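Thanks for coming, everyone. I'll take one structure today and go through it quickly. Please have a look at it first.

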Amino acid sequence: MSELLPTVDDTRAFGRALAAVLRAGDLVVLSGPLGAGKTALAQGIGAGLGVAGDVTSPTFVSARVHRPDPARGGRLPMVHVDAYRLGGVRDPLGEVDALDLDATLEESVTLVEWGEGLVERLSDAHLEVRIDRRDDETRVVALVAHGGDWPARIPAAAAVDA
Ligand SMILES: Nc1ncnc2c1ncn2[C@@H]1O[C@H](COP(=O)(O)OP(=O)(O)OP(=O)(O)O)[C@@H](O)[C@H]1O
Ligand SMILES: [Mg+2]
């Protein structure tokens, strides 16, 4: 499945809709080139989950925990990770371990930007949300199920082996 996202608001709305199927223990890898809209999508997911705090691109912090805000109907924490910086370090897998994501994974929704090749081993299944920029600056999003029950939960997602 792929869907056209003409504007940043469409990207956020896609994230809000996706949040409705997310639950504790989910690992979501947001992939796509610089400026694709990964953080915008994370903002939409955060809004859909009803979490507290602005979802931003962290400059120095690689992982941020957003508590559920009961006033916004929030039930689950969201952990938002930006692994971009880790692309350039000597031991990226060690840095991922140092973030201690497995301590929060089970009770949270964990979203990781730039996580391909780094975080898949945290879980036996994950959902990949791939955003691409087109020449006219619109975006296209595709969902790819990697194992687990993702294909049943999101029938439109293309399924590949975990
Ligand atoms: N359809 C669209 N979806 C998402 N962002 C869009 C869209 N059209 C334009 N934009 C703009 O593109 C930028 C996307 O920024 P965002 O920080 O979400 O990308 P990112 O993939 O997280 O970037 P980075 O690789 O730096 O983490 C924003 O300035 C946003 O306004
Ligand atoms: Mg970003």
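Is Leu-41 buried or exposed? Buried. Its relative accessible area is 0%. Keep in mind throughout that this is a predicted model.

So where does Leu-41 sit? It lies in helix α2. Look past the residues up to four places away in sequence, and Leu-41 touches Thr-11, Phe-14, Gly-15, Leu-30, Val-129 and Ile-131. One distance to note here. The C-alpha atoms of Leu-41 and Thr-110 are 13 Å apart, with the two positions 69 residues apart along the chain.

Next, the packing. In general, nonpolar side chains of soluble globular proteins tend to be buried together. Here, the largest nonpolar core has 28 residues. Which members touch the most others? Ile-45, Leu-49, Leu-111 and Val-129. Six elements are listed as giving two or more residues to this core: α1 (8-19), β2 (27-31), α2 (38-49), β5 (109-113), β6 (126-133) and β7 (139-146). Helix α2 makes the largest contribution, with 4 residues.

Take Leu-111 from that group. Leave out its neighbours within four places in sequence. Leu-111 is then in contact with Val-28, Leu-30, Ala-42, Ile-45, Met-78, Val-79, His-80 and Val-81. There is also a second core, separate from this one, with 13 residues. Among its members are Leu-27, Val-29, Val-79 and Leu-86.

On to the metal. Which residues coordinate the magnesium ion, ligand 2? Thr-39 does, through OG1, and Glu-113 does, through OE, at 2.1 Å. Thr-39 belongs to helix α2 and Glu-113 to strand β5, so this pair ties together parts that are 74 residues apart in sequence. Both residues are on the buried side of the cut-off. Thr-39 has a relative accessible area of 14%, and is buried because the limit is under 20%. Glu-113 is buried as well, at 3%.

Now ligand 1. It has 17 residues around it, and those that come nearest are Leu-5, Thr-11, Gly-37, Lys-38 and Thr-39. Thr-39 is the magnesium residue again. Let me go through some contacts. A backbone N or O atom of Thr-39 is 2.8 Å from an oxygen atom of ligand 1. For Ala-40, a backbone N or O atom is 2.9 Å from an oxygen atom of the ligand. Trp-114 uses a polar side-chain atom, 3.4 Å from an oxygen atom of ligand 1.

How much of ligand 1 does the protein cover? On its own, ligand 1 has 640 Å² of accessible area, and the protein covers 71% of that. The elements giving two or more residues to the shell are α1 and α2. The largest share is 3 residues, and it comes from α2.

Last item, backbone angles. Most residues other than glycine have a negative phi. Which residues have a positive phi here without being glycine? Trp-114 is one of them, with phi near 55 degrees. Glu-137 is another, at about 75 degrees. Where are they? Trp-114 is in the loop between β5 and β6. Glu-137 is in the loop between β6 and β7. Trp-114 is partly exposed, at 25% relative accessibility. Glu-137 is also partly exposed, at 43%.

To close, back to helix α2. It holds Leu-41, and it holds Thr-39 from the magnesium site. It gives the largest share of the largest core, and the largest share of the shell around ligand 1. Questions, please.

Conventions
Residues numbered from 1 in each chain as written. Chains lettered and ligands numbered in written order. Predicted model: local features only at pLDDT ≥ 70, side-chain atom pairs only at ≥ 80, totals over all residues. Heavy atoms only, no water. Core = buried A, V, L, I, M, F, W, Y, C linked by side-chain atoms within 4.5 Å. Buried < 20%, exposed > 50% of the residue type's maximum accessible area, 1.4 Å probe, protein only. Contact = heavy atoms within 4.5 Å. Donors = N, O, S within 2.8 Å, 3.2 Å for Na, K, Ca; no water. Near = heavy atom within 4 Å. Polar contact = N/O pair within 3.5 Å; in protein donor to acceptor, adjacent residues only side chain to side chain. Areas by Shrake-Rupley, 256 points an atom, 1.4 Å probe, with all protein chains shown as cover.
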